[in-house]
Amino acid sequence: MSSIALAHRMARLGTESAFETLARARALEATGRHVTHLEIGEPGFPTPENVVEAGIRALREGHTHYVPSAGLPEARAAIAETFTATRGVAADPAQVIVTPGAKPIMFFAILALVGPGDEVVLPDPGFPIYRSMVEFAGGVARPYALDFDRGHDADPSEIAALVGPATRLVILNSPGNPTGSSLSRAALEQIAEVVARQDRCTVLSDEIYRGLAYDAEPASITEIDGMVGRTIVLDGLSKMYAMTGWRAGWGSCPPRWSTASSASWSTRCRARRRSSSSRSSRR
Ligand SMILES: Cc1ncc(COP(=O)(O)O)c(C=O)c1O
């Protein structure tokens, strides 16, 4: 039997090692061993009862069909309202995209922005999917350290040295996986300055653990003047509401971006229609 020939890019795809560890932990549990789970990023409590009931009600009421590709308008409006309330920055529902879990926002942002040879500055230690996805897209990962001695805060001078004309994306994850600590407002301000010097550089701010910060409200780079216009925020319901299996995530994109793909698609369609009608009129 001939083997399946995979595309070259598949060799660049990494795995989320926490899921491999989870599978091994579950296998041990199946043999009767007691396991304390620290591997996977999810709360140890069930989805709240009112959420479960609302989900059941929605299914019974027939909300089981296609919805607009960016998400239900009511959901986008509610998310924009939450964004404004939590970050103190006005967000328009048109900037919000609802996705199956928050990871697609990571994939879409990297696939939309990073091409072969483009550089992405990302945290180390960090969520392994960032590097995997950047390399899958043909990009080059430039890690910055989150040292224990600095309380796992970023060192803006290190980021300044890494960010240059080839940088298309700076990834921030605050509160972060796996360190659990948040980036300081002072570091975010300096990172914002560094990013602002590069025309083609965008920030992906992964704020999925924001709802699990119990001491102080974490700062978001979007709160810094001018940064909403160059930041894609990733967030969702997975962690805060213990809804990891529901696959409910969202992203807030700079104004105009959330419609960029459909706009460029219709432009291409119009161009194709024009060229085929001019071909047929020549016949
Ligand atoms: C840092 C980080 N970002 C994003 C996600 C994605 O969450 P979701 O399950 O909603 O796709 C995770 C999940 O583990 C994560 O740890």
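I started at proline 125, which turned up in the loop between strand S2 (119-124) and H5. The model is predicted, so I kept to local features with pLDDT of at least 70.

**Cis peptides**

I checked omega at proline 125 next. The bond from aspartate 124 to proline 125 is cis, with omega near 5°. Aspartate 124 is the end residue of strand S2 (119-124) as I have it listed.

Then I looked at proline 178. That residue is in the loop between strand S4 (167-173) and helix H7 (185-196). Its peptide bond, coming from asparagine 177, is cis too, and I noted omega near 10°. I put a marker on asparagine 177, since Asn177 comes up again at the ligand.

**Positive phi**

Which residues other than glycine have a positive phi? I wrote down histidine 152, with phi near 60°, and alanine 242, with phi near 50°. Histidine 152 falls in the loop between strand S3 (140-145) and helix H6 (156-162). For alanine 242 I had to go to the loop between strand S6 (231-236) and strand S7 (249-252).

**Ligand**

I moved on to the ligand and counted 15 residues around it, of which Asn177, Asp206, Ser238, Lys239 and Arg247 come nearest. Sorted by class, that shell gave me six nonpolar, four polar and five charged residues.

What lies within reach of the ligand's oxygen atoms? I noted a polar side-chain atom of serine 238 at 2.6 Å from a ligand oxygen. Lysine 239 also puts a polar side-chain atom by a ligand oxygen, at 2.7 Å. At alanine 102 the atom is a backbone N or O, and I have it 2.9 Å from an oxygen of the ligand.

Buried or exposed, then, for the ligand? Taken alone, the ligand exposes 390 Å², and I get 96% of that buried by the protein.

**The pocket around the ligand**

Where does the ligand sit? I find that the space it takes is the second largest pocket. I put the volume of that pocket at about 890 Å³. There are 44 lining residues, and closest to the pocket centre I listed Gly41, Glu42, Asn177, Tyr209 and Lys239. Asn177 and Lys239 were already in my notes as being among the residues that come nearest to the ligand.

I then asked which elements give two or more residues to this lining, and got helix H1 (17-30), helix H4 (103-113) and helix H5 (128-136). H1 supplies the largest share, five residues. H5 is a helix I had met before, at one end of the loop that holds proline 125.

By class, the lining of the second largest pocket splits into 22 nonpolar, twelve polar and ten charged residues.

**Cavity**

Last, I went looking for enclosed space. How many cavities of 30 Å³ or more are there? I came away with one. The largest cavity holds about 40 Å³ of space.

I wrote out its lining: Leu172, Ser174, Leu183, Leu188, Ser205, Glu207, Ala219, Ser220 and Ile221. Five of these are nonpolar, three are polar and one is charged. Leu172 belongs to strand S4 (167-173) and Leu188 to helix H7 (185-196), the two elements that flank the loop with proline 178.

Terms used
Residues numbered from 1 in each chain as written. Predicted model: local features only at pLDDT ≥ 70, side-chain atom pairs only at ≥ 80, totals over all residues. Heavy atoms only, no water. 1 Å grid on protein atoms, 1.4 Å probe; cavity = no way out; pocket = protein on both sides within 12 Å on 5 of 7 lines; lining within 4 Å. Points joined across faces, edges and corners; volume = space filled by probe spheres on them. Nonpolar A, V, L, I, M, F, W, Y, C, P; charged D, E, K, R; others polar. Near = heavy atom within 4 Å. Polar contact = N/O pair within 3.5 Å; in protein donor to acceptor, adjacent residues only side chain to side chain. Areas by Shrake-Rupley, 256 points an atom, 1.4 Å probe, with all protein chains shown as cover. Sits in = over half its atoms within 2 Å of the grid points. Helix = DSSP H or I, 4+ residues; strand = E, 2+ residues; numbered from the N terminus.
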